[in-house]
Amino acid sequence: MRMGGESLNNKSYALLKQRVVTVLLMAVLLLMLPAGWASASEEEFALEWEQSYGENVGVLHAEQTREGYAIIGVNGSNSNVYFAKTDSLGTPYWEKNIEVRGNNGKMVSFTMAVSAPDGGYLLGGTLESFHFRYRDFYFAKIDDNGFIQWNKMFSSGAYGTFNDIHLSKEGSYLFAQSTDSLNTGSFHTAVGELSSAGDMIFRKIIGGGGPSASFYQANKIHELANGGYVIEGDIEGTVRVWMLNSQREIVWTNTYSGLTGGEVIANADGGYMIAATNENDEVVFIQNDANNQEEQRQTLAVKGKVISLDRAADGYLFGTTQGLYKTNINGEILWFQALSGLQRIYSESDGSVLVIAKGNLLKFGAGGNHESPSLEYLKFDSPSYSLGLEQTLDTVVTAVYGNTSRNVTSLVHFSSDDESIASIDASGNITGHRFGQTHIRAIWSGQEAVARVYVWPLSTSLYFDSDEYSVNIGEPLDIEVTYRFGSNFTQVTQFSSYSSSDPSIAYVDSEGNIIGLQRGRVTLTATYSGFEATAIVDVY
């Protein structure tokens, strides 16, 4: 193999020379840095915050939003989907638990989640079939408010496992799956694509075998610039990579002996990069071109089995069993953070790093030299609240710091201007006591938020939009009749019946208009669902 006119021996010598120089430089730097650090830069990153979302909730996916983050997780105690919206510090200001069951009544076990182009999320998981040895594949699409838009179940034929699901460039969903027969010991592995509406575009079985065959599976699928796909997997733990062309045909398969725990990133030129771990627990970085020709292989100072890999603006982020590493584009370590239980990493636009580890969400950023933004103002989640007698509503108070915000509901001091109308407890819950209106206040760190509260009787009634009307003879006047049930109000003008104390003076027609016939005064009566409302009409 020749690359750019350079022989393999010359290139191997050059790479060896570069590696020796790199090792010598790293040794000098390690001697100069404080004990415990393995950094080739003075760049320092620190943990900004860590959030957990319930005793048994494990985070599957996190996405940065304008207000902070959107979190998708699973409650391990009941398999419910946990959906939360948080402020910039990861503190929830909105939460929802979603129960998803199959047609057989059994709970779906979700293990994957990805953001959808419309602001919602696609969940991937499995549903136990008629026997515990059979588990089918299940997709559910939820919107930004946590409501299920559609769900699809696809038979696995045996015991199915979801390995990967993520968004494609065209807005569809790519996935990787494995299926094992717990009865016969046979298996197969597949990749596929689901449309944004949940229709199967393709599902390609890329291999399988019987009980005596070496087990292998597809773990991740990535799009390539040429319309094909590169698939990262393993065979008995050893890294294996498949290439599919745009017709979804297998073009080649590579097995990387001595490497485990691989992650793949597709390049813009149609090639790809592999990060995997060798026998010495060192991460090996491999660069291949679009023709599957190896262009570069480099052993890094990064340690541990590779769990997650992401591009950063100026290099790469490695999540391994040892912790979190940031390197430059040459693979030199910029900083390292020891961390156990790492599951996934996200590179943020501001250079910070979002991490899912042990089911929690953590954020790391540049520390030590920046000033915290000052608090600008507090705000309730609504400028006004309406509730009925003895009804309770919760509130959320947000502290705004320039372009960032923080949920401070648990920190503020609440009060009501008139507790006989509505009170508010230490957790921000409003309770209505009598008909009327008042203000609630939240005070924290020298700032105050104010909101108006309306309390309505929780009674059922019917009423006109006015107690008195004035009309001219021959000039119709439209009216509205409203039915109130508790805090719910319904316009029922067209559905009510009407009577007049003297129809020769005025009456209400079928369209809900008062018709004046001669000078005088009458009383109109509207009737709906057993309730009556009255109003005076003067005709001129």
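**Side-chain pairings in a predicted model**

The side chains of Arg297 and Glu294 are joined by a salt bridge, with 3.0 Å from N to O. This structure is a predicted model, and the points below concern its salt bridges, its aromatic pairs, two charges that sit over rings, and the surroundings of one threonine. The count of salt bridges comes to 15, while the count of aromatic pairs comes to 24.

**Salt bridges**

- In the pair formed by Arg297 and Glu294, Arg297 is partly exposed at 32% relative accessibility, and Glu294 is likewise partly exposed, with a relative accessible area of 27%.
- Salt bridges with shared partners also bring Asp417, Arg441 and Glu448 together in one network.
- Arg66 is paired with Glu67 in a salt bridge whose closest N and O atoms are 3.4 Å apart; Arg66 is exposed because its relative accessible area is 77%, which is over 50%, whereas Glu67, at 33% relative accessibility, counts as partly exposed.
- A further salt bridge is formed between Asp199 and Lys152, where the closest N and O atoms are 3.4 Å apart.
- This pair links distant parts of the chain, since Asp199 is in the loop between strand E12 (187-194) and strand E13 (200-209), while Lys152 is in strand E9 (residues 148-154), 47 residues apart.
- Both ends of that bridge are partly exposed, Asp199 with a relative accessible area of 44% and Lys152 at 26% relative accessibility.

**Aromatic pairs**

- Among the 24 aromatic pairs is the one formed by Phe139 and Phe154, which is edge-to-face, with 5.9 Å from centre to centre and 80 degrees between the planes.
- Phe139 belongs to strand E8 (residues 135-142) and Phe154 to strand E9, so this pair ties together parts of the chain that are 15 residues apart in sequence.
- The two rings of that pair can be set side by side in terms of accessibility: Phe139 is buried, with a relative accessible area of 0%, whereas Phe154 is partly exposed, with a relative accessible area of 23%.
- In the pair of Tyr325 and Phe336, the ring centres are 4.5 Å apart and the planes lie at 35 degrees, so the pair is classed as tilted.
- Tyr325 lies in strand E23 (residues 323-328) and Phe336 in strand E24 (residues 333-338), and the pair thereby links distant parts of the chain, 11 residues apart.
- Tyr325 is buried because its relative accessible area is 5%, which is under 20%.
- Phe139 and Phe154 also belong to a cluster linked by ring pairs, together with Phe137, Phe162 and Phe175.

**Charges over rings**

- The charged end of Lys85 sits over the ring of Trp94, at a distance of 4.9 Å from the ring's centre.
- Arg240 lies over the face of Tyr216, and here the distance from the ring centre is 4.9 Å.

**The surroundings of Thr398**

- Thr398 is found in strand E31 (residues 397-401), and it counts as buried because its relative accessibility is 14%, which is under 20%.
- When its neighbours within four places in sequence are left aside, Thr398 is in contact with Tyr377, Leu378 and Lys379, and also with Ser405, Arg406 and Val408.

Conventions
Residues are numbered from 1 along each chain as its sequence is written. This is a predicted model: local features need pLDDT of at least 70, side-chain atom pairs count only at pLDDT 80 or more; totals for chains, interfaces and linings use all residues. Side-chain values use heavy atoms; hydrogens and water are left out. Helices (H or I, at least four residues) and strands (E, at least two) are DSSP runs, numbered from the N terminus. Buried means under 20% relative accessible area, exposed over 50%, partly exposed in between (1.4 Å probe, protein chains only). Contact means heavy atoms within 4.5 Å. A salt bridge is a side-chain nitrogen of Lys or Arg within 4 Å of a carboxyl oxygen of Asp or Glu. Rings of Phe, Tyr and Trp (its six-membered ring) pair if their centres lie within 6.5 Å; planes under 30 degrees apart count as stacked, over 60 as edge-to-face and the rest as tilted. A charge sits over a ring if NZ of Lys or CZ of Arg is within 6 Å of the ring centre and within 35 degrees of the ring normal.
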